[in-house]
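Student: I would like to go through this model with you and ask, for each label attached to it, what justifies the label.

Tutor: Then let us take the labels one at a time and set each against its criterion.

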Amino acid sequence: VRDVATGWSGGSRGDSTSHRPWKEKILEILAEIQAPLSLLMLRLCNWALLKLLNRLFLGVQLHRGQLEMVLRAARMPNVPLVFLSTHKSPLDGLLLTFLLFSQGLGVPRVTVGSQACSPRLRALLARLGAIFLPSRMEQAPSDQEEGLLGAVLAAYVEEVLRSRQPLLIFLEEPPIALRLSAPAQQWLAMVYRAVRDGAVPDVLLVPVGIAYDVIP
């Protein structure tokens, strides 16, 4: 990030004044990607989601064999988990987070693509573990902006994996398409880059998914 930002700011390394604009830019990018997790919001959402599930569905079944596979993967030492899932409904992210959290697997960082959502909903989801692609990555940024955005995003994903926070990537966006969505390609490229560059020795890709009798 420092190398890219130094080139972006004109190559001056020693002048703190020249460093200030790109430091502010980096903080803006990070603020777009993530927010600190809120334990209070997680507990409230956990309670509210139980109420919602009871009203919305006749029942929710958890496949014990698949759960045991996920728990076995989580017990592997020093290997970060990357959950890969199809995306069938807007509830998938909340449901999978709720199920993984309820099984003691921690709160996954859930990747969110280009779905339009209000600023308030975006702020709430960020507090619950969602991470977003910077909006300018989807708007054909300039070469300088793209270089800085990519460097910050790559560093962020490396840190998530290095700290062994579970990462949940949806492979497409609703309505379901039979190909990887553009956001999924970008997130997977960041994971691949982290392994390729040696930021983490390996990652464990764990398929997870939700099936509905009727998609809400």
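Student: What makes S1 and S4 a pair of strands, and in which sense do they pair?

Tutor: This is a predicted model, and in it S1 and S4 are joined by four bridges in the parallel sense. Two strands count as paired when at least two bridges are found between them, so S1 and S4 qualify. One of the contacts to look for is Ser-85, whose bridge partner in S4 is Phe-170.

Student: How do you know that S2 also pairs with S4?

Tutor: Two bridges join S2 (residues 109-112) to S4, and the strands run parallel. The criterion asks for at least two bridges, so the pairing is accepted. Arg-109 stands opposite Leu-167 of S4. On the other flank of the argument, S1 is joined to S5 by five bridges, again parallel, and Ser-85 has Val-208 as its bridge partner in S5.

Student: Why are S3 and S5 said to stand at the edges?

Tutor: The five strands form an open sheet in the order S3-S2-S4-S1-S5, with parallel pairing. Strand S3 (130-132) and strand S5 (204-208) each have a single partner strand, so one side of each lacks a neighbour in the sheet. From one strand to the next, the twist averages 30 degrees.

Student: What makes both faces of S4 count as covered?

Tutor: In S4 (residues 167-170), Leu-167 and Ile-169 lie on one side, Leu-168 and Phe-170 lie on the other, and all of them are buried. Buried residues are those under 20% relative accessible area, and because buried residues are found on both sides, both faces of S4 are called covered.

Student: Which helices pack on these strands, and at what angles?

Tutor: Helix H4 (residues 64-74) lies across S1 and S5 and runs at about 160 degrees to S5. Helix H8 (residues 182-196) packs on the sheet, where it touches S1, S2, S3 and S4, and its direction makes about 145 degrees with that of S4.

Student: Why is Ser-181 called buried?

Tutor: Its relative accessibility is 11%, and the limit for a buried residue is under 20%, so Ser-181 counts as buried. Ser-181 lies in the loop between S4 and H8. Leaving aside residues up to four places away in sequence, Ser-181 touches Phe-170, Leu-171, Glu-172 and Glu-173.

Student: Why is Asn-78 called exposed, whereas Arg-164 is called partly exposed?

Tutor: Asn-78 has a relative accessible area of 61%, and exposed means over 50%, so the label exposed applies to Asn-78. Arg-164 has 36%, which falls between 20% and 50%, and therefore Arg-164 is partly exposed. Asn-78 is found in the loop between H4 and S1, while Arg-164 is found in the loop between H7 and S4. Phi of Asn-78 is near 60 degrees, a positive value in a residue other than glycine, and Arg-164, which is not a glycine either, has a positive phi of about 60 degrees.

Student: Which label does Arg-162 receive, and what does it touch?

Tutor: Arg-162, in helix H7 (residues 143-162), has a relative accessible area of 42%, so it too falls in the range between buried and exposed and is partly exposed. Not counting residues up to four places away in sequence, Arg-162 touches Ala-199 and Val-200. Arg-162 and Val-203 are 41 residues apart in sequence, yet their C-alpha atoms are 9.8 Å apart in space.

Student: What lines the largest pocket?

Tutor: The largest pocket holds about 820 Å³ of space. Of the 26 residues that line the largest pocket, Val-60, Gln-61, Gly-209, Ile-210 and Ala-211 are the closest to its centre. H4, helix H5 (92-102) and S5 each supply at least two residues of the lining.

Student: How confident is the prediction, and where is confidence lowest?

Tutor: The mean pLDDT of the chain is 81, and 85% of its residues reach 70 or more. Confidence is lowest in helix H1 (residues 2-8), at a mean of 73, and highest in strand S1 (residues 81-85), at 92.

Methods
Residues are numbered from 1 along each chain as its sequence is written. This is a predicted model: local features need pLDDT of at least 70, side-chain atom pairs count only at pLDDT 80 or more; totals for chains, interfaces and linings use all residues. Side-chain values use heavy atoms; hydrogens and water are left out. pLDDT is the predictor's confidence in each residue, from 0 to 100. Buried means under 20% relative accessible area, exposed over 50%, partly exposed in between (1.4 Å probe, protein chains only). Axes are lines fitted to C-alpha atoms, for helices over the stretch in contact, and angles run from 0 to 180 degrees between N-to-C directions. Contact means heavy atoms within 4.5 Å. On a 1 Å grid over the protein atoms alone, a cavity is a set of points where a 1.4 Å probe fits but cannot get out, and a pocket is an open set with protein on both sides within 12 Å along at least five of seven lines; lining residues have an atom within 4 Å of a point. Grid points are joined across faces, edges and corners, and a volume is the space filled by probe spheres set on the points.
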